[in-house]
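User: I'm new to reading protein structures. Could you walk me through this one, feature by feature?

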Amino acid sequence: MFAKMVIGECLSEAQLREFSKIYENDVTPQLGKEPGYAGSQLLVEEGGYMVIALTTWTTREDCLRYHSSRNYRQFVAGTQHLLAGSFVVKIFKEER
């Protein structure tokens, strides 16, 4: 299994709510259609504006394919105005 962690920081509480709404309504339904998708979580910083969108994938190739996909680019374009700066993206592999 591989995980992709996308980290961003919103600018306000209202923008954090908008980001969460976009992720829940637009991104999550599309993720289920992606090859190798295994699950996702949106984590919100307690008492702050930082968000982590965590997705898990069966293979590294599936993870990278999604990262290069039109759906991911639309997610970035649709949320960039809500962030202080750009996303930080990290990929992790499961150790057994």
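User: Let's start with helix H3: what do the buried residues of H3 pack against?

Analyst: This is a predicted model, so keep that in mind as we go. The buried residues of H3 pack against E1, H1, H2 and E4.

User: Which residues of H3 are buried?

Analyst: Helix H3 covers residues 70-79, and its buried residues are Tyr 72, Phe 75 and Thr 79. Looking down the axis of H3, you'd find them within an arc of 55°, so they line one face of the helix.

User: Why can residues that aren't next to each other in the sequence point the same way?

Analyst: Here's the general idea: an α-helix has 3.6 residues a turn, so residues three or four places apart point the same way. Now flip H3 over: the face turned away from its buried side carries the exposed residues Arg 70, Arg 73 and Ala 77.

User: Okay, now the sheet. In what order do the strands come?

Analyst: In general, strands of a sheet pair through backbone hydrogen bonds, either parallel or antiparallel. Here, 4 strands make an open sheet in the order E2-E3-E1-E4, with antiparallel pairing. Strand E2 (37-44) and strand E4 (88-93) stand at the edges with a single partner strand each, so one side of each has no neighbour in the sheet. On average, neighbouring strands are turned by 15° against each other, ignoring direction.

User: How many bridges join E1 to E4?

Analyst: Strand E1 (residues 2-9) is joined to E4 by 6 bridges, and the two run antiparallel. If you want a spot to zoom in on, Val 6 stands opposite Val 89 in E4.

User: And where do the other helices sit relative to the sheet?

Analyst: Helix H1 (residues 13-31) packs on the sheet, touching E2 and strand E3 (50-57), and its direction makes about 175° with that of E2. Helix H2 (residues 60-67) lies across E1, E3 and E4, running at about 35° to E1.

User: Let's zoom out. What pattern does the protein follow along the sequence?

Analyst: Reading along the sequence, you get β-α-β-β-α-α-β. The radius of gyration is 13 Å, close to the 12 Å that the globule rule gives for 96 residues, so the protein is as compact as a globular protein of that length.

User: What share of the residues is buried?

Analyst: Buried residues make up 34% of the 96. As for contacts with a separation of 6 or more, 71% are between residues 24 or more positions apart.

Notes: Residues numbered from 1 in each chain as written. Predicted model: local features only at pLDDT ≥ 70, side-chain atom pairs only at ≥ 80, totals over all residues. Heavy atoms only, no water. Pairing = 2+ DSSP bridges. Axes fitted to C-alpha atoms, helices over the stretch in contact; angles between N-to-C directions. Contact = heavy atoms within 4.5 Å. Buried < 20%, exposed > 50% of the residue type's maximum accessible area, 1.4 Å probe, protein only. Arc of directions from axis to C-beta. Rg over C-alpha atoms; globule rule 2.2 N^0.38 Å.
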